[in-house]
Amino acid sequence: MPIEESPRLTAKHWQDCTDVYDFLDQIRLRPGVWLSGGSLRELQTMLIGYQVALGVHSIDDPCDFWHDGAFSQWLGTRLGGTSPLGWAADIERNTPEGSTPVEEFFRLLDAYRSDTERKPAPVPLRDGDQGSEAGRAGVTAPEGPFL
């Protein structure tokens with residue numbers, strides 16, 4: 001999405017970004033600067049690196065773009081499933097004619113952010129926490145390592 005279509009966004013140095021969404025806005029403004037050949041898989045790799053860096057430096061800043069993370073799960077629900085290749089491959093496979101995978105990512109990102117702003121994030125349950133409201137609703141804690 002070009003700058004003229006996003007008057008609320010302004011270009012700035014990446015070091016001035018405050019979170020992953022601020023950084024993604026910079027990529028949205030100038031995808032050619034950040035993504036060689038407009039590669040959505042390059043963006044996915046960059047976001048995985050971002051999340052790894054958060055973990056390495058023990059920074060508690062949620063990043064939803066890990067494989068099988070919140071964005072992937074939301075996208076899988078929206079697309080009717082996910083592939084083991086990750087969300088970039090899913091978007092590439094489902095990009096409508098007349099769009100690009102990067103444009104489609106940002107369209108979906110806006111929808112994801114809109115959806116998640118309306119719903120509170122699920123709270124993982126601890127063992128024996130079935131008596132809680134979340135436990136009665138059938139919510140279970142996710143499995144696997146988290147950063």
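**Note on the salt bridges and nonpolar core of a helical chain**

1. Glutamate 104 has a relative accessible area of 6% and therefore counts as buried, since the cut-off for that class is under 20%. This value, like every other in this note, is computed from a predicted model. The partner of glutamate 104 is arginine 107, and the two form a salt bridge in which the closest N and O atoms are 2.4 Å apart. Arginine 107, at 43% relative accessibility, is partly exposed, so this salt bridge joins a buried residue to a partly exposed one. Both residues belong to helix α6, where they stand 3 residues apart, or about one turn of the helix.

2. Salt bridges with shared partners also link Asp25, Arg28 and Asp110 into one network. Within it, aspartate 25 and arginine 28 form a salt bridge whose closest N and O atoms lie 3.9 Å apart, a distance that falls within the 4 Å limit used for such pairs. These two residues are 3 apart in helix α1, which covers residues 20-29, so about one helical turn separates them. Aspartate 25 is buried, with a relative accessible area of 12%, and arginine 28 is buried as well, at 2%.

3. The other salt bridge in this network brings the side chain of arginine 28 together with that of aspartate 110, at 2.7 Å from N to O. Because arginine 28 sits in helix α1 and aspartate 110 in helix α6 (residues 101-118), the pair ties together parts of the chain that are 82 residues apart in sequence. Aspartate 110 is partly exposed, with a relative accessible area of 32%. Counted over the model, the salt bridges come to 5. As general background, side chains of opposite charge can pair when their charged atoms come close.

4. A reader may next ask which residues have the most contacts inside the largest nonpolar core. They are Leu24, Leu43, Phe65, Phe71, Trp87 and Phe105, in a core that has 27 residues. At least two residues of this core come from each of α1, α3 (40-56), α4 (70-79), α5 (87-93) and α6, and α6 gives the most, with 7 residues. It is a general tendency in soluble globular proteins that nonpolar side chains are buried together.

5. Phenylalanine 105 offers a detailed view of that core, being one of the residues with the most contacts inside it. When its neighbours within four places in sequence are set aside, phenylalanine 105 is in contact with Leu24, Leu40, Leu43, Leu47, Phe65, Phe71, Trp87 and Ile91.

6. Nonpolar residues also appear on the surface, where Val52, Val56 and Trp66 form a patch with about 250 Å² of accessible area together. Valine 56 is part of helix α3, and with a relative accessible area of 59% this valine counts as exposed, because the cut-off for that class is over 50%.

7. For the chain as a whole, the secondary structure consists of 7 helices and 0 strands, which gives the pattern α-α-α-α-α-α-α along the sequence. The chain has 147 residues, of which 33% count as buried. Its accessible surface comes to about 9400 Å², and carbon and sulfur atoms account for 53% of that area. Among contacts between residues at least 6 apart in sequence, 43% join residues at least 24 apart.

Key
Residues are numbered from 1 along each chain as its sequence is written. This is a predicted model: local features need pLDDT of at least 70, side-chain atom pairs count only at pLDDT 80 or more; totals for chains, interfaces and linings use all residues. Side-chain values use heavy atoms; hydrogens and water are left out. Helices (H or I, at least four residues) and strands (E, at least two) are DSSP runs, numbered from the N terminus. Buried means under 20% relative accessible area, exposed over 50%, partly exposed in between (1.4 Å probe, protein chains only). A nonpolar core is a set of buried Ala, Val, Leu, Ile, Met, Phe, Trp, Tyr and Cys residues joined through side-chain atoms within 4.5 Å. Contact means heavy atoms within 4.5 Å. Patches are made of residues with over 30% relative accessible area and no salt bridge: like charges are joined within 9 Å, nonpolar side chains (Val, Leu, Ile, Met, Phe, Trp, Tyr) within 5 Å. Accessible areas come from the Shrake-Rupley method with a 1.4 Å probe; for residues, only the protein chains shown count as cover.
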